[in-house]
Amino acid sequence: MPLPPLVNPVPALSDAEGVRTARHQRLAGLGPDGQRRIAAARVAVIGAGGLGSPVVLALAAAGVGELVVFDDDDVDASNLQRQVMHRRQDVGRPKVDSARRVASDLSETRVRAERVRLTPETAAALLSGVDLVLDGTDSFDSREIVAAACERLGVPLVWGTVQEFAGQVTVFWSAPPEPFAPVRLHDLYPPGSEAPACSAVGVFGPLCLQVGALMASEALKLIAGIGRPLLGRVALLDARAGTQREVPLRAATDAADGIRASADSAPGMTTAAAPAPDEVDDPQDAVVIDVREQFELASGTVPGFIHVPLAALLADPAAAVAAHGLDSRRAVIVCQAGVRARTAALALQAAGADVAVLRGGMDGWLRRREGAA
């Protein structure tokens, strides 16, 4: 069911914007009223990189009234493979300058460029006054700072992430209107989660456009009060398999419970809600499933592991459970830093397996072994 519109409409569009957004205004359910709401919206975009680039392009093209874009970084040549807002001549220049340029080329959208990094002390004040936030940052430290500020302010947070060939999109909101229940970042990922940098494991460039476009769509739906938002649902994109699925997400009963997700809409999963998989420091009498790519195994492996790449596992979790006897023995899931392992563990758990995640992934396991030596 749709949420109430997030933003009150402006009295009227300019003549130029009325012509430019004519196709939006002909959409059933959006119409002229929805377009005037979009024109009234003030939206914060955190990060002007792989996800921020398509978000800024899409929201400026849609005619959002004001974009407040936060990024303290400069354009690097290696960004251009996926950060489509920037050009070769932008290398060495602030990323926020590209946001200002492309928005002015597309529409009457105003861009307030903030070349700053949000901190726990400043985030809430810097985000105060926006209608919603889109987070396209690439570290969990940054994501937790943004999420905490949005929870404090009570504004919705459209959240996306990409890694290798996999992407996720959802909406967090600590104070949604009834009958929607609050859902927060820590309902999906526990405090202190980590992810390897894309410089270490790579990211498929077109996937950034897919995830960024979906994030922009969620923002426009919330602004105009149309469609079914991804509040309480996580969209899972697999660019290599060409699939997009979803896993319902509900709030944890307390901080210790972590994730509570059911997967009734995902192939091979059951409808039963499942608690977050345990995290362990060592496998200890369990079958070890390593979900990394083949080339990553050279960095180290757990003795006796079974290699099942994440995409293959997610394509049919029930088959993985049957093939490796996970209905009768415990499995510990391994990736490089722990994030992909958590995704795999939830899928296997929903398919009936008893699973845990290796804390910190191979990186953490190797550090613990070195410290004990």
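This text walks through the chain from its overall form to a few chosen sites. The model is predicted.

Start with the whole. The chain has 14 helices and 15 strands. For 373 residues, a compact globule would have a radius of gyration near 21 Å, and the chain agrees because its own value is 21 Å. Along the principal axes, the C-alpha atoms fill a box of roughly 70 × 45 × 40 Å.

Next, cover and surface. Of the 373 residues, 54% count as buried. The chain exposes about 15800 Å². Carbon and sulfur atoms supply 52% of that area. The charges number 36 positive and 44 negative. Their mean positions lie 5 Å apart. Contacts reach far along the sequence. Among those between residues at least 6 apart, 66% join residues at least 24 apart.

Now the aromatic side chains. The structure holds four aromatic pairs. One of them joins Phe-140 and Tyr-189. Their ring centres are 5.1 Å apart and their planes stand at 65°, so this pair is edge-to-face. The pair links distant parts of the chain. Phe-140 belongs to helix α7 (residues 140-153). Tyr-189 sits in the loop between α8 (185-188) and α9 (198-201). In sequence the two are 49 residues apart. Phe-140 counts as buried because its relative accessibility is 4%, under the 20% cut-off. Tyr-189 is also at 4%, and therefore counts as buried.

Trp-159 and Phe-172 make another aromatic pair. Here the distance is 5.7 Å centre to centre. The planes meet at 65°, and the pair is edge-to-face. Trp-159 lies in strand β5 (residues 157-163) and Phe-172 in strand β6 (residues 166-172), so the pair ties together parts 13 residues apart in sequence. Both rings belong to buried residues. Trp-159 has 0% relative accessibility and so counts as buried. Phe-172, at 3%, counts as buried too. Put the two pairs together: Phe-140, Trp-159, Phe-172 and Tyr-189 form one aromatic cluster.

Tyr-189 also leads to the next site. Leaving aside neighbours within four places in sequence, Thr-343 is in contact with Tyr-189, Gln-168 and Leu-314. Thr-343 is placed in helix α13 (residues 339-350). Its relative accessibility is 16%, so Thr-343 counts as buried. Thus a residue of α13 touches a member of the aromatic cluster.

Ala-241 offers a contrast in cover. The residue is found in the loop between β7 (233-238) and β8 (243-250). At 46% relative accessibility, Ala-241 counts as partly exposed; the range for that class runs from 20% to 50%. Ala-241 and Gly-167 are 74 residues apart in sequence. In space, their C-alpha atoms are 12 Å apart. Gly-167 falls within the residue range of β6, the strand that holds Phe-172.

Finish with helix α4 (residues 52-62). This helix is mostly covered, with eight of its eleven residues buried. The buried stretch opens with Gly-52, Ser-53, Pro-54, Val-55 and Val-56. Leu-59, Ala-60 and Ala-62 are buried as well. Just after α4 comes Gly-63. Gly-63 takes a positive phi of about 95°.

Note on methods:
Residues are numbered from 1 along each chain as its sequence is written. This is a predicted model: local features need pLDDT of at least 70, side-chain atom pairs count only at pLDDT 80 or more; totals for chains, interfaces and linings use all residues. Side-chain values use heavy atoms; hydrogens and water are left out. Helices (H or I, at least four residues) and strands (E, at least two) are DSSP runs, numbered from the N terminus. The radius of gyration is taken over C-alpha atoms; the globule rule is 2.2 Å times the number of residues to the power 0.38. Buried means under 20% relative accessible area, exposed over 50%, partly exposed in between (1.4 Å probe, protein chains only). Contact means heavy atoms within 4.5 Å. Accessible areas come from the Shrake-Rupley method with a 1.4 Å probe; for residues, only the protein chains shown count as cover. Lys and Arg count as positive and Asp and Glu as negative; His and the chain ends are not counted. The place of a charge is taken as NZ of Lys, CZ of Arg, CG of Asp or CD of Glu. Rings of Phe, Tyr and Trp (its six-membered ring) pair if their centres lie within 6.5 Å; planes under 30 degrees apart count as stacked, over 60 as edge-to-face and the rest as tilted.
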